[in-house]
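Reader: I would like to learn how to read a model like this one, feature by feature. Where should we begin?

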Protein chains: 2
Amino acid sequence: MRILVLGGDGYLGWPTAMYLSANGHQVGVVDNMVRRAYDHELGSGSLVPIETLATRLAVWHDRGGDSISSYYGDLVDSDFLYATIRDFEPDTIVHFAEQRAAPYSMIDRKHAVYTQMNNVVGTLNLMYAVGEIDRDIHIVKLGTMGEYGTPNIDIEEGWLDITHKGRSDRVLFPKRPGSFYHLSKVHDSHNLEFGCRIWGLRVTDLNQGVVYGQETEQTAADPRLVTRFDYDAVFGTVLNRFAIQAVLGLPLTVYGGGSQTRAIIDIRDTVECVRLACQSPAAAGEFRVFNQTTETMSLTEMAKTVTNSFPGASSIVHLENPRVEIEDHHFSVVHTALEDLGLSPHLLSDTLLTSMFDIIDQHRDRVDRNALTPGVNWRASANAASHVAQGSEYVGG
Amino acid sequence: MRILVLGGDGYLGWPTAMYLSANGHQVGVVDNMVRRAYDHELGSGSLVPIETLATRLAVWHDRGGDSISSYYGDLVDSDFLYATIRDFEPDTIVHFAEQRAAPYSMIDRKHAVYTQMNNVVGTLNLMYAVGEIDRDIHIVKLGTMGEYGTPNIDIEEGWLDITHKGRSDRVLFPKRPGSFYHLSKVHDSHNLEFGCRIWGLRVTDLNQGVVYGQETEQTAADPRLVTRFDYDAVFGTVLNRFAIQAVLGLPLTVYGGGSQTRAIIDIRDTVECVRLACQSPAAAGEFRVFNQTTETMSLTEMAKTVTNSFPGASSIVHLENPRVEIEDHHFSVVHTALEDLGLSPHLLSDTLLTSMFDIIDQHRDRVDRNALTPGVNWRASANAASHVAQGSEYVGG
């Protein structure tokens, strides 16, 4: 199968591209390198040094992998996107190419507008390109569990059967997202569902939990193939940050009471879920939604799991929550569709954390401690640029 | 009360501005005149000649109305929007300033992207401006009944109480919009509801039915105060088009089987609904939704009402439906909130239609018959520009 990975230079895009290639698919990657530019803007960076995309691709090929094509450009540039799809002729397009940090979208008006425009226009352009070039191309789109918010009912996989005043319908699951970033993904989902109805597009929307871990079989094979390890408060995910705080002997900073519960997933399961979705495409006209998560855990439980696994870890402290969210809430997530396709989940374990601790320890001198402190506050509508440079929190998926 | 009307030069914005002024409010209007530019693009125009905004404002004042301030600019230009709000110091902002034609948004990729960007960014900028300048300003936002689609359950006013697997929640009513335009309004609603949660904004979302009629007490007072009368297949609304076809002796063109049912409203009720919403603001943090419609009617019923009212009207013909929509569907709309605030609806009647027939007859020589024919097809992902100039259909709200 020919698979084009949009955002193929990113934290998850790059491991996914290699994983699909290792599993016998012909892979192309598209990226505009803006994730690397955000690091310059924020004064942040990956804990683990990463190579350029050109080097990554050369090493992958030199080590015996199938050649991976690469296209440099931006989805907002429709000419580029159409030309790329015409050139690569994919069967499937995996779409990771969105601004994906909730705190980044909440910095100020410009970052909110940028996030929604970048994500919504990129996806609209993709829909039109597929609509005009080949409507059989299967679009596998990365969404997030954060789109749902914390409803008081169980979270089904994208659709909900409801009965109201004696009549029934199947509707898109009502969402209550918690940031302008999460909202952008809700907008995408509505646009894509419409594309399935009017043009018969084939779409799989993967509502992914918060990803933890940094190694897959492919990234671990050569230090030049590693992927990013973000730990800063804007782009870092919460478990990765807790692991770093433990290794450095810093207090594990839980925002708010800590009973807020997240859907989470191991990076090795992420790449497998994408493969499973690609290999069993949605039907023509089908808007299919999978909850791409394997377990749920409260922030406090995550912190305790980390301190229990790392001998000598410092204590857990609670900071004022920079987000506006309900802390004590029902959170029950249905996630059977990917397991029905064959996923065997890796659940959070000491083994995984131990391998992360080793990676962190090797690179401990690269940690910027200021970047661990949250600087973006949901209640403010504008944040001074200086706050951003100090870092802020990202726990969403 | 100081009320700023965004889009105050448009079909509904202008009558609303005068109506609010006549009811004792201090009114300002904001417009970038893009609605007049669409006419140049499409080769269309109002059946009834309209004056420039400058002339309208001068006539309004000369005839004894309170002076209405005017600001020329675009909501996408945040500097302009912030400066305007700081200068006018409104208590309430009525937001009509969006691209509002479903067929226009479906012309091609560029028009879809333009519609979503214009509408979503304009509203995001407005939310941030209110969030940063004065969070007590009440935002009264025009939505559309078309956001809901045609669910098989009754359409409640924006929110829905649901029970699922024994647990209950109150959620945003799940929507299934029928065009990229309608989708843009769904995106706006999600963004605004989030603004209420994080910043305590006061928002009223008016999900308006398809508006018919062209006269209010204020527009009828002087020919220089009239508002637009759109009849072309892109911007014209369905009842106005049927009335023109009747007067000209043309067949009334129903798209598809005609059992598709729309929520409708008289233009005189539109301006009163906006006044009622302004005068009873939403609470701080409240995202309040009203279904701004007074009755529902199928396309065939609308056509029959017109032919029954106009002696000598031609017959009804059915054309292939350019839209993708379900034709036979449940459609039951709750619309009690505005009536509870005091609305006394004008229902569709012979009296109203007779006054419209007179206006049309006066201007019958200005009708471009080609503009009545639909040119935008939902199933195509791109339409040649030449089709657009020939016109296309707009029946949505």
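Author: Begin with a helix and its burial, bearing in mind that this is a predicted model. In α1(B), the buried residues are B:G13, B:W14, B:P15, B:T16, B:A17, B:M18, B:Y19, B:L20 and B:S21. That is nine of the 10 residues of α1(B), so the helix is mostly covered.

Reader: What covers the buried residues of α1(B)?

Author: The cover includes β1, β2, α3 (53-62), β4 and α9 (267-279) of chain B. The helix itself, residues 13-22, lies across β1 (2-6), β2 (26-31) and β4 of chain B. Its direction is at about 165° to β2(B). After α1(B) comes B:G24, which has a positive phi, near 90°.

Reader: How should I read the sheet under that helix? What is the strand order in chain B?

Author: Read across the sheet from one edge to the other, and note the sense of pairing. In chain B the order is β3-β2-β1-β4-β5-β8-β12, an open sheet of seven strands with parallel pairing. Its edge strands are β3 (69-72) and β12 (287-292) of chain B, each of which pairs on one side only. From one strand to the next the twist averages 20°.

Reader: And a single pair of strands within it? How many bridges join β4 and β5 of chain B?

Author: There are four bridges between β4 (residues 92-95) and β5 (residues 138-144) of chain B, in the parallel sense. To fix the register, take one bridge: B:V94 has B:V140 in β5(B) as its partner. Another helix, α7 (residues 180-199) of chain B, packs on the sheet and touches β5, β8 (202-208) and β12 of chain B. The direction of α7(B) makes about 155° with that of β5(B).

Reader: Can we take the corresponding sheet in chain A?

Author: Chain A has an open sheet of seven strands in the order β3-β2-β1-β4-β5-β8-β12, with parallel pairing. Four bridges pair β4 (residues 92-95) with β5 (residues 138-144) of chain A in the parallel sense. Within that pairing, A:I93 stands opposite A:I139 in β5(A). Helix α9 (residues 267-279) of chain A packs on the sheet, where it touches β1 (2-6), β4, β5, β8 and β12 of chain A. The direction of α9(A) makes about 165° with that of β8(A).

Reader: Now a strand outside that list. Is β11 of chain B enclosed or open?

Author: Start from the two faces. In a regular strand, side chains alternate between the two faces of the sheet. In β11(B), B:T261, B:A263 and B:I265 lie on one side, B:R262, B:I264 and B:D266 on the other, and all are buried. With six of the six residues of β11 (residues 261-266) of chain B buried, the strand is therefore largely enclosed by the rest of the structure.

Reader: Which strands pair with β11(B)?

Author: One is β9 (residues 210-212) of chain B, which pairs with β11(B) in the parallel sense over three bridges. There, B:V211 has B:I265 as its bridge partner. Another is β13 (residues 295-298) of chain B, joined to β11(B) by four bridges and running antiparallel. In that pairing B:I264 is matched with B:E295 in β13(B).

Reader: How do I read the relation between the two chains?

Author: Two copies of a chain are related by a rotation about an axis and a shift along it. Here a rotation of 180° with 0.0 Å of shift along the axis superposes chain A on chain B, at an RMSD of 0.0 Å. The copies are thus related as by a two-fold rotation axis. The same surface serves both: 100% of the contact residues of chain A recur in chain B.

Reader: What makes up the side of chain A that touches chain B?

Author: In the interface, 43 residues of chain A are in contact with 43 residues of chain B. The elements of chain A that give two or more residues are α6 (109-133), β6 (159-164), β7 (167-172) and α7 (180-199). The largest share, 12 residues, comes from α6(A). By class, this side of chain A has 23 nonpolar, 12 polar and eight charged residues.

Reader: Where in chain A does pLDDT stay under 50?

Author: It does so over residues 384-397 of chain A, a stretch for which the model has 59 contacts beyond four places in sequence. Among the elements of chain A, α13 (residues 385-389) has the lowest mean pLDDT, 43, and β4(A) the highest, 99. The mean pLDDT of chain A is 94, and 96% of its residues reach 70 or more. For the complex, the predictor gives an ipTM of 0.95 and a pTM of 0.96.

Conventions: Residues are numbered from 1 along each chain as its sequence is written. Chains are lettered from A and ligands numbered from 1 in the order in which they are written. This is a predicted model: local features need pLDDT of at least 70, side-chain atom pairs count only at pLDDT 80 or more; totals for chains, interfaces and linings use all residues. Two strands pair if DSSP finds at least two bridges between them. Axes are lines fitted to C-alpha atoms, for helices over the stretch in contact, and angles run from 0 to 180 degrees between N-to-C directions. Two residues are in contact if their C-beta atoms, placed from the backbone, lie within 7 Å. Copies are superposed by least squares on the C-alpha atoms of residues with pLDDT of at least 70 in both. Ala, Val, Leu, Ile, Met, Phe, Trp, Tyr, Cys and Pro count as nonpolar, Asp, Glu, Lys and Arg as charged, and the others, Gly among them, as polar. A residue is buried if 20 or more other C-beta atoms lie within 10 Å of its own, exposed if 12 or fewer, and partly exposed in between; C-beta atoms are placed from the backbone. pLDDT is the predictor's confidence in each residue, from 0 to 100.
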